[in-house]
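The following note sets out points for a colleague who is reading this structure at the bench. Each point takes up one feature and the residues that belong to it.

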Amino acid sequence: MNVAIIGASGYTGLELIKILINHPKFNISYVANSTGDINVQDLHPCLKSVINIDVELANASEVAKVADLAFLALPHKTSMAFAKELLALDVKVVDLSADYRLELEAYEKHYCEHGDKENIENAVYGLPEYFKEDIKNAKLIANPGCYPTASLLALLPFIDYIDTDAPIFIDAKSGVSGAGKNPSETTHYCQINDNVHAYNPFKHRHMPEIHEKVRILKGKDVSINFVPHLLPLTRGMLVSVFATLKDDIDVNEVLNSAYKDCEFIRLRDKPVDVKSVAGTNFCDLFTAKNGKALFVSSAIDNLLRGASSQAVVNANILCGYEEYEGIPKIAYVP
């Protein structure tokens, strides 16, 4: 199947190219950004002698001529406008932005006015472990954010066992690549090197995404307190969930039962680390309890399981392929 990558300039666009170059079923037929007029080898020098394709100025009509599916690695608001055009031209879309992840009211509260209200209702949230059957029949996949992916995979198996009258705390830590390619004061080397800090505590845009999916999947409106931190790492994400259990349960059995048939979930008997998942689509999980105090920890590659490789898994399922086809499993170790 011919596929397009729109938004090739950023980190997630580059990761999509790297995955799809070796994919057994997908062929990259179109690559674009907001300017065009450059070869992908010049846009990303790491691809020299690997792939030779011109980067076009993004145009939905041109995509429809050469591709059946498009990956959108674009900022929110920009993405919805392009997705709307592509869907009208019968091109399937996997969107890596936030534009279709939330219900309309929540999206407009935390982002901006939505310009594609019709399609937001038809989008399927692309967390394969929980929405696989819906993904199979979708035309538009809303690829989850990195923080919600790691948080939901850790939290969801325990929702029915948690005392929801007590607060749930999520302590999340991300590598700097999660902030995107454009530099800022907080991601400047002199600021982040040998440093760590929290940002947007209780106010981060991904908190309502986590809250909404728990409500949709478990039917419970729970109090979630989300605090992200920035680490001096290039890639990787470590999320720790703290909650209170209602009863004494075997927490490892809960995780085993939830994920026993899941291709990209690995359950660990020791606390997880980001190095073991860097470069892969795996989510590693560990849990422990102290009386009724629950601890669940997850580790993912924020650019892959938190964005690009999960997008390709969703595309595999959408197109009827095995979900593991072409998906990286070997970690960047050492």
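1. R215 has a relative accessible area of 32%, so this residue counts as partly exposed. The model is a predicted one, and the remarks below should be read accordingly. R215 pairs with E103 in a salt bridge whose closest N and O atoms are 2.8 Å apart. Because R215 belongs to helix α10 and E103 to the loop between β6 (92-95) and α5 (104-110), this pair ties together parts that are 112 residues apart in sequence. E103 is likewise partly exposed, at 38% relative accessible area.

2. The residue E212 also belongs to helix α10, which spans residues 206-218. Is E212 buried or exposed? With a relative accessibility of 3%, E212 counts as buried. Apart from neighbours within four places in sequence, E212 has contacts with R101, L102, E103 and A106. E103 thus appears twice: as a contact of E212 and as the salt-bridge partner of R215.

3. The whole structure contains 19 salt bridges. One of them joins the side chains of E263 and K329, with an N to O distance of 2.7 Å. E263 is in the loop between α11 (251-259) and β13 (265-267), while K329 is in the segment after α12 (308-318), so the pair ties together parts that are 66 residues apart in sequence. Both ends are partly exposed: E263 has a relative accessible area of 32%, and K329 has one of 34%.

4. A further salt bridge links R268 to D284, the closest N and O atoms being 3.0 Å apart. R268 sits in the loop between β13 and β14 (283-290) and D284 in strand β14 itself, so parts that are 16 residues apart in sequence are tied together. The two partners deserve separate mention: R268 is partly exposed at 35% relative accessible area, whereas D284 is buried at 1%. In addition, E15, K18, R235 and D301 are joined into one network by salt bridges that share partners.

5. Eight aromatic pairs are found in a search of the whole structure. How are the rings of Y107 and Y111 arranged? Their centres are 4.9 Å apart and their planes lie at 10 degrees, so this pair is stacked. Y107 and Y111 are both buried.

6. The rings of Y147 and F226 present another geometry: the centres are 5.2 Å apart and the planes stand at 75 degrees, so the pair is edge-to-face. Y147 is part of helix α8 (residues 146-155) and F226 of strand β11 (residues 224-230), so the pair ties together parts that are 79 residues apart in sequence. Y147 and F226 are both buried.

7. F242 deserves attention on two counts. This residue lies in strand β12, residues 237-244, and is partly exposed with a relative accessible area of 38%. On the surface, F242 forms a nonpolar patch with F169 and F202, and together they have about 280 Å² of accessible area. F242 is also linked by ring pairs to F286 and F295 in a cluster.

8. Two helices may be read by their buried residues. In α4 (residues 78-88), S79, M80, F82, A83, L86 and L87 are buried. These residues lie on the same side of α4, because the arc they cover around the axis is only 165 degrees. In α7 (residues 128-136), the buried residues include P128, E129, F131 and I135. Their arc is only 135 degrees around the axis, which puts them on the same side of α7. The general background is that an α-helix has 3.6 residues a turn, so residues three or four places apart point the same way.

9. The surroundings of α4 hold two further details. Just after α4, D90 adopts a positive phi of about 65 degrees. H76 occupies the loop between β5 (69-72) and α4, and is partly exposed at 28% relative accessible area. Not counting residues up to four places away in sequence, H76 touches S97, A98, D99, Y107, Y111, C112 and R205. Both tyrosines of the stacked pair, Y107 and Y111, are therefore among the contacts of H76. By contrast, S61 is 15 residues from H76 along the chain, and their C-alpha atoms are separated by 21 Å.

How values were computed
Residues are numbered from 1 along each chain as its sequence is written. This is a predicted model: local features need pLDDT of at least 70, side-chain atom pairs count only at pLDDT 80 or more; totals for chains, interfaces and linings use all residues. Side-chain values use heavy atoms; hydrogens and water are left out. Patches are made of residues with over 30% relative accessible area and no salt bridge: like charges are joined within 9 Å, nonpolar side chains (Val, Leu, Ile, Met, Phe, Trp, Tyr) within 5 Å. Accessible areas come from the Shrake-Rupley method with a 1.4 Å probe; for residues, only the protein chains shown count as cover. A salt bridge is a side-chain nitrogen of Lys or Arg within 4 Å of a carboxyl oxygen of Asp or Glu. Helices (H or I, at least four residues) and strands (E, at least two) are DSSP runs, numbered from the N terminus. Buried means under 20% relative accessible area, exposed over 50%, partly exposed in between (1.4 Å probe, protein chains only). Contact means heavy atoms within 4.5 Å. The arc is that of the directions from the helix axis to the C-beta atoms. Rings of Phe, Tyr and Trp (its six-membered ring) pair if their centres lie within 6.5 Å; planes under 30 degrees apart count as stacked, over 60 as edge-to-face and the rest as tilted.
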